[in-house]
Amino acid sequence: MSRFFTRLSEQAAELAGHYAAFILAALFVILWAISGPFFNFSDTWQLVVNTSTTIITFLMVFLIQNAQNREASATQAKLDEILSIVSTTHSITIGAEHLPLNKLKVILKHLEEQSEIDPDKHKSA
């Protein structure tokens, strides 16, 4: 099931990001707006577009999140590989994305101190 969902989310993300998807969605909205006078701008007429867009948005949130999670994980794996190869890096940063925020702040402070970076100089006024 996981493999099926991965393929589905990849294909859906690719299709949703295509210019034709935008044109199709725009045409749907235009046709819906043009049909308003024929339906006397009824509640049912409004409900069609509201329900359609809500369902599509709801489903796309999960598909897009899945695609972003996979992309972020792949990027993180590549960065971790680079960090493991470069001898001047600190191994404490490998896998840091899995740490809680308070531990990440400690690592960041430690690295800034080692680099002699003054974080106050980089803050905007």
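A nonpolar patch here is made of residues with over 30% relative accessible area and no salt bridge, their nonpolar side chains joined within 5 Å. Keep that in mind as you work through this predicted model.

**Exercise 1. Find the nonpolar patch on the surface and say which helix supplies the largest share of it.**

Step 1: Start with the members. Met-1, Phe-4, Phe-5, Leu-8, Ile-55, Phe-58, Leu-59, Val-61 and Phe-62 form the patch, and together they have about 950 Å² of accessible area.

Step 2: Now look at where they come from. Helix 1 and helix 3 each give the patch at least two residues.

Step 3: Helix 3 takes the prize, with five residues, the largest share.

Step 4: Pick one member and check it. Phe-58 sits in helix 3. Its relative accessible area is 53%, and the cut-off for exposed is over 50%, so Phe-58 counts as exposed.

**Exercise 2. Track down the salt bridge and work out which parts of the chain it links.**

Step 1: There's one salt bridge in the structure. Its partners are Glu-10 and Arg-70, whose closest N and O atoms are 3.2 Å apart.

Step 2: Place each partner. Glu-10 belongs to helix 1 (residues 2–16), while Arg-70 belongs to helix 3 (residues 43–85). They are 60 residues apart, so to speak of distant parts of the chain being linked is fair.

Step 3: Are these two buried or exposed, or something in between? Buried means under 20% and exposed means over 50%. Glu-10 has 40% relative accessibility, so it is partly exposed. Arg-70, at 27%, is partly exposed as well.

**Exercise 3. Look in the loop between helix 2 and helix 3 and explain what is unusual about the phi of Asn-40 and Phe-41.**

Step 1: Begin with the background. Most residues other than glycine have a negative phi.

Step 2: Take Asn-40. Its phi is positive, about 55°, although it isn't a glycine. You'll find Asn-40 in the loop between helix 2 (19–35) and helix 3.

Step 3: Move on to Phe-41. Here phi is near 50°, again a positive value in a residue other than glycine. Phe-41 also lies in the loop between helix 2 and helix 3.

Step 4: Finish with accessibility. Asn-40 has a relative accessible area of 65%, so it is exposed. Phe-41 comes out at 45%, so it counts as partly exposed.

Notes:
Residues numbered from 1 in each chain as written. Predicted model: local features only at pLDDT ≥ 70, side-chain atom pairs only at ≥ 80, totals over all residues. Heavy atoms only, no water. Salt bridge = Lys/Arg side-chain N within 4 Å of Asp/Glu carboxyl O. Helix = DSSP H or I, 4+ residues; strand = E, 2+ residues; numbered from the N terminus. Buried < 20%, exposed > 50% of the residue type's maximum accessible area, 1.4 Å probe, protein only. Patch = residues over 30% accessible without salt bridge, like charges linked within 9 Å, V, L, I, M, F, W, Y side chains within 5 Å. Areas by Shrake-Rupley, 256 points an atom, 1.4 Å probe, with all protein chains shown as cover.
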